[in-house]
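Q: I am new to this structure. Please show how the chain is laid out, then take one helix and look closely at it and what comes right after it.

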Amino acid sequence: MFVSDALGVNELDHLTIGGADAVELAGTYGTPLYVMDEDLIRKNARAFRGSVERHYGGKGHVAFASKAFCCKEICRIMQEEGLWLDVVSGGELYTALAAGFPAEHIFFHGNNKSVEELAEALDKNVGRIVVDHFFEMELLSQLAQAAGKTVDIQMRIKPGVEAHTHKFIQTGQIDSKFGFALETGEALEGIRTALSLPNLRLRGLHCHIGSQIFEITSFTVAARVMLGLAAQAKSELDWTMEELNLGGGFGIKYLTEHSHAPYEDFMEAVSRTIGDTCRQMNLPLPCIIIEPGRSIVGSAGITLYQIGAIKEIPGIRTYLSVDGGMADNPRYALYQSEYEMLLAGRATAPKTGAYTVAGRCCESGDLLGKEIPLPKPRVGEVLAVLATGAYNYSMASNYNRLPKPAVVMVRDGKARVVVRRETYEDVASHDV
Ligand SMILES: Cc1ncc(COP(=O)(O)O)c(C=O)c1O
């Protein structure tokens with residue numbers, strides 16, 4: 001009935017998430033409010049982990065891409081579920097370590113890590129640093145020498161695979177700010193350099209071909225391309241790739257008409273491709289790493305807003321304003337991302353009209369969606385935007401000095417705050 005398994009309807013016709021009444025949650029914790037279903041997050045994490053066990057003999061790791069949703073509690077949950085973590089900044093690294101996440105299970109990504117971030121990663125013995133370019137490689141080698149350590153690295157490669165997704169989130173092609181290009185020979189040159197620099201131990205290669213991808217073939221093609229590079233490096237540089245990191249990017253259902261293959265099928269196809277290709281190319285089977293973010297948390301979250309002004313412009317459209325917007329969910333403004341919405345207090349009421357949902361920022365582009373089918377809304381009702389668990393809280397800003405909403409985690413119908421709502425004092429706390 002809904003885009004996510006986390007959702008249901010109770011006898012009051014109220015939307016439920018993780019068994020809790022969404023209208024009650026909005027009343028108790030205020031709006032805007034992010035709500036996450038913990039069981040669905042855990043189920044998704046286990047599905048990915050289980051698929052590596054079943055299809056790849058357990059020779060691999062699933063690292064949750066914390067950029068999708070980063071707070072201490074999600075790090076604890078991922079650790080409990082046996083996942084590793086992908087971080088992309090000193091802030092994400094700090095959060096993971098502060099939550100007690102083991103440093104050796106962390107991959108540190110980023111196209112422009114600072115000296116301080118690299119030094120911190122070295123100091124804390126982060127599991128792998130995923131090196132993005134020559135400059136970083138040399139810098140890391142120098143820092144590792146100064147620290148008297150040898151650091152395990154992977155190299156980010158642009159495999160030139162076109163993923164079927166929005167162009168802003170394609171990252172595997174040559175015109176991308178991330179990684180070493182394959183076509184130009186830069187990737188092989190990068191491997192040569194990594195092998196020549198002191199205090200670096202090149203463990204494997206990484207690629208991330210994009211996000212919100214439904215086509216399993218995009219990943220199998222990328223895997224073959226990466227193994228081709230590994231075979232070339234083996235014959236020309238006598239280097240054996242121990243680890244193949246295929247990144248994340250698995251699509252989720254934002255709209256009823258979306259559908260994706262079970263994540264299990266992805267691992268089955270990729271495992272078969274890697275096995276066959278390694279045999280053909282006479283390569284040892286690498287340890288596989290995948291880095292799902294959106295697909296673990298996206299469908300598990302909703303955002304609740306209170307409806308304020310409803311402005312009908314005859315013959316044009318009706319604007320329905322809510323008490324949040326681009327500051328808590330910039331994805332429509334960034335990529336015109338589509339979401340399904342409903343009135344949390346009349347979850348199954350017929351959708352008789354179409355409304356443009358506007359945020360409260362001083363920006364015409366501050367919309368959450370255009371022409372959204374809804375029952376005729378009333379001021380004060382709770383609007384639920386569905387499938388907002390990924391890249392919403394983590395992309396939130398304080399534009400217009402709006403405090404960031406709280407995040408509530410629900411399990412077995414019981415809710416707990418995992419990120420408290422910001423106050424005006426929080427927002428102004430760094431002003432001097
Ligand atoms: C290196 C890397 N790994 C994993 C991810 C997670 O992608 P997704 O949330 O689409 O699974 C990203 C997203 O940008 C990424 O850049």
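**One helix in its setting**

A: Between the C-alpha centres of domain 1 and domain 2 there is a distance of 36 Å. The model is a predicted one. Domain 1 is made of two stretches, 7-37 and 298-428, while domain 2 covers 109-292. Seven residues of domain 1 are in contact with seven residues of domain 2. On the domain 1 side of this contact there are three nonpolar, two polar and two charged residues.

The protein chain has 12 helices and 21 strands. Its radius of gyration is 23 Å, close to the 22 Å that the globule rule gives for 432 residues, so the chain is as compact as a globular protein of that length. The C-alpha trace spans about 70 × 50 × 40 Å along its principal axes. Buried residues account for 49% of the 432 residues. Among contacts with a separation of 6 or more, 70% join residues 24 or more positions apart.

The helix chosen here is α4, residues 90-98, in which E92, L93 and A96 are buried. These three cover an arc of only 100° around the axis, which puts them on the same side of α4. An α-helix has 3.6 residues a turn, so residues three or four places apart point the same way. G91 and A98, on the other side of α4, are exposed.

What does the buried side of α4 meet? Its buried residues pack against two helices, α3 (72-80) and α5 (115-123), and against two strands, β6 (84-87) and β7 (106-108).

After α4 comes G100, which has a positive phi, near 85°. The loop from α4 to β7 holds P102. This proline has 14 other C-beta atoms within 10 Å; a residue counts as buried at 20 or more and as exposed at 12 or fewer, so P102 is partly exposed. P102 lies 8.6 Å from W84, C-alpha to C-alpha, with the two 18 residues apart in sequence.

Away from this helix, the model also holds a ligand with 17 residues around it, of which A65, S211, G248, G293 and R294 come nearest. The shell around the ligand consists of five nonpolar, eight polar and four charged residues.

In short, α4 has E92, L93 and A96 buried, while G91 and A98 are exposed on its other side.

Methods:
Residues are numbered from 1 along each chain as its sequence is written. This is a predicted model: local features need pLDDT of at least 70, side-chain atom pairs count only at pLDDT 80 or more; totals for chains, interfaces and linings use all residues. Helices (H or I, at least four residues) and strands (E, at least two) are DSSP runs, numbered from the N terminus. The arc is that of the directions from the helix axis to the C-beta atoms. The radius of gyration is taken over C-alpha atoms; the globule rule is 2.2 Å times the number of residues to the power 0.38. A residue is near a molecule or strand if its C-beta atom, placed from the backbone, lies within 6 Å of it. Ala, Val, Leu, Ile, Met, Phe, Trp, Tyr, Cys and Pro count as nonpolar, Asp, Glu, Lys and Arg as charged, and the others, Gly among them, as polar. Domain bounds come from an automatic or database domain assignment.
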